[in-house]
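The exercises below are meant to be worked through with the sequence and the model side by side. Try each task before reading its solution.

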Amino acid sequence: MKFDAIVLGAGIVGVCAAIHLQRRGRAVALIDRKTPGNETSFGNGGLIQAEGFYPYAFPRDPGALLKYAGNRAPDVRYHFGAIARQAPFLYRYWWNSHPARHAAIAARYAALIEHCIAEHRVLATAAGAQGLIRPSGWVKVFRRAALRDAEFRVAERWRDEFGVAFETLDAEDLRRMEPALKPVLAGGLRYTEAQSVSDPHALVTAYARHFEALGGRIMVGNAATLRDGWRVDTDMGPVEAPAAVVALGPWSDVVTRKLGYRLPLAVKRGYHMHFTAEGGAQLNHPVLDAENGFLITPMSRGIRLTTGAEFASRDAPPTPLQLAAVEPLARGMFPLGRPVDPAPWMGCRPCTPDMMPVIGPASRHDGLWFAFGHAHHGFTLGPVTGRLVAEMMAGEQPFVDPAPFLATRFS
């Protein structure tokens, strides 16, 4: 079967790229080994982070590094073997996290983040999925007043630099906003323009249905079979097109390495479980414990508890010790009930050492395009990336300057 474009990867980035290409009159095949939204896009915190101008940096404070060295911190865990293998990546990540370099990265990254709400709104409206997106913002909470006040100062700096909107909450303000939270917190910081999603998988599924309604085709196939042409094996036979988009998230290197690209891609793994809420307790916002790195958020399936980052090989067996470590802390903050899921979910975030995604054409192959490496902001930036890569492929004037995100920056 012949198409105008193949998109490899049916997470939120791939689905959005497929939609925008189909809208431009391309015949598009969206190919994945699973149905849309069933890998990394399935298990995130459901946040559309309009405040996320500063991507998540590597800790540089000696005290924090000492804390993590023991591998018992609730917010960051690691596999020793993976740390050794990823040492060059981690060094570059640490180097780019220097405050001056991090600020320069944020100035470039802002061009993507500033469009995230508007681009999600366009697709959600077209897909009839507006009801899944809540304009509630999200709340970062603090157990110590000193950390609370320090974070307030960071938010003020972000407001001055990028216009980030926020609301500071003392302990009493927080109790009024979230009465089911237990009185163990010194206050909170609410990012008011961010939005949250009640079911990330359902939103990606709705976007995928919209793609099909536009005439696109979704197929099960093996991205590792991609070869020049571009040609991929699927359950419906070989599919070929003059253009292919690699939007495989943490599996993108399966294709890029085979084609000779040595891009510095690593993963941070994360876990989640859903719980009931005891006594009909309500949680009105996603709530992040700033000191322990876990998020609790109301989802259609229950209260989702998510972990921070686990540095491990992408395909290593799950080790949900981090989830077990934060569950008692979460129960001490909110009345979680029984588990809803039979086992923890685990997913992988695709990361680059400069904390920015790879978006744009491959340098040595005509018709090959990259759209991956979004780390913690894949869900936030899926629609933005999809539009940007489609505009570039169509020869249009991109609505965002793609230069900072090209793969050639790693050459």
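**Exercise 1. The three-stranded sheet**

Which order do the strands of the open sheet of three strands have, and is their pairing parallel or antiparallel?

Solution. Keep in mind throughout that this is a predicted model. Step one is to read the order, which is S3-S9-S5, with antiparallel pairing. Step two is to find the edges: strand S3 (47–48) and strand S5 (133–134) each pair on one side only. Step three is to look at one pairing in detail, where S3 and strand S9 (residues 195–197) are joined in the antiparallel sense over two bridges, and Ile-48 stands opposite Gln-195 in S9.

**Exercise 2. The eight-stranded sheet and a helix packed on it**

Trace the open sheet of eight strands, identify its edges, and describe how helix H1 packs on it.

Solution. The order is S12-S11-S10-S2-S1-S13-S22-S21, and the pairing is mixed. Strand S12 (237–240) and strand S21 (358–361) are the edges; each has a single partner strand, so one side of each is left without a neighbour in the sheet. From one strand to the next the twist averages 35°. Within this sheet, strand S2 (residues 28–32) and strand S10 (residues 217–227) pair in the parallel sense over four bridges, with Ala-29 opposite Arg-217 in S10. Helix H1 (residues 12–23) packs on the sheet and touches strand S1 (5–8), S2, strand S13 (244–246) and strand S22 (368–372), while its direction makes about 170° with that of S2.

**Exercise 3. Checking the length of a helix**

Compare the expected span of helix H9 with the distance between its end C-alpha atoms, then examine its buried residues and its two ends.

Solution. Helix H9 (residues 200–213) has 14 residues, and at 1.5 Å a residue these should span 20 Å; the expected span takes 1.5 Å times one less than the number of residues. The end C-alpha atoms of H9 are 20 Å apart, which agrees. The buried residues of H9 are Pro-200, Leu-203, Val-204, Ala-206, Tyr-207, Ala-208, His-210 and Phe-211. When reading such a list, recall that an α-helix has 3.6 residues a turn, so residues three or four places apart point the same way. At the start of H9, a side-chain oxygen of Asp-199 comes within 3.2 Å of the backbone nitrogen of His-201. After H9 comes Gly-215, whose phi is positive, near 110°.

**Exercise 4. The surroundings of an arginine**

Decide whether Arg-190 is buried or exposed, and describe what surrounds it.

Solution. Arg-190 belongs to strand S8 (residues 187–191). Its relative accessible area is 16%, and the cut-off for buried is under 20%, so Arg-190 is buried. Beyond its neighbours within four places in sequence, the contacts of Arg-190 include Trp-138, Phe-166, Met-177 and His-285. Two further partners can be located by distance: the C-alpha atom of Glu-167, 23 residues away along the chain, is separated from that of Arg-190 by 5.1 Å, and the backbone oxygen of Ser-136 lies 3.1 Å from a polar atom of the Arg-190 side chain.

**Exercise 5. Classifying aromatic pairs**

Classify the pair of Phe-42 and Trp-345 and the pair of Tyr-78 and Phe-80 by their ring geometry.

Solution. A pair of aromatic rings is described by the distance of the centres and the angle of the planes. The count of aromatic pairs comes to 13. For Phe-42 and Trp-345 the centres are 6.2 Å apart and the planes are at 35°, so the pair is tilted. This pair links distant parts of the chain, 303 residues apart, with Phe-42 in the loop between S2 and S3 and Trp-345 in strand S20 (residues 345–351). Phe-42 is partly exposed at 24% relative accessible area, whereas Trp-345 counts as buried at 17%. Tyr-78 and Phe-80 form an edge-to-face pair, with 5.1 Å from centre to centre and 80° between the planes. Here Tyr-78 is buried, at 15%, and Phe-80 is exposed, at 60%.

Terms used:
Residues numbered from 1 in each chain as written. Predicted model: local features only at pLDDT ≥ 70, side-chain atom pairs only at ≥ 80, totals over all residues. Heavy atoms only, no water. Buried < 20%, exposed > 50% of the residue type's maximum accessible area, 1.4 Å probe, protein only. Polar contact = N/O pair within 3.5 Å; in protein donor to acceptor, adjacent residues only side chain to side chain. Contact = heavy atoms within 4.5 Å. Pairing = 2+ DSSP bridges. Axes fitted to C-alpha atoms, helices over the stretch in contact; angles between N-to-C directions. Phe/Tyr/Trp six-rings, centres within 6.5 Å; stacked < 30°, edge-to-face > 60°.
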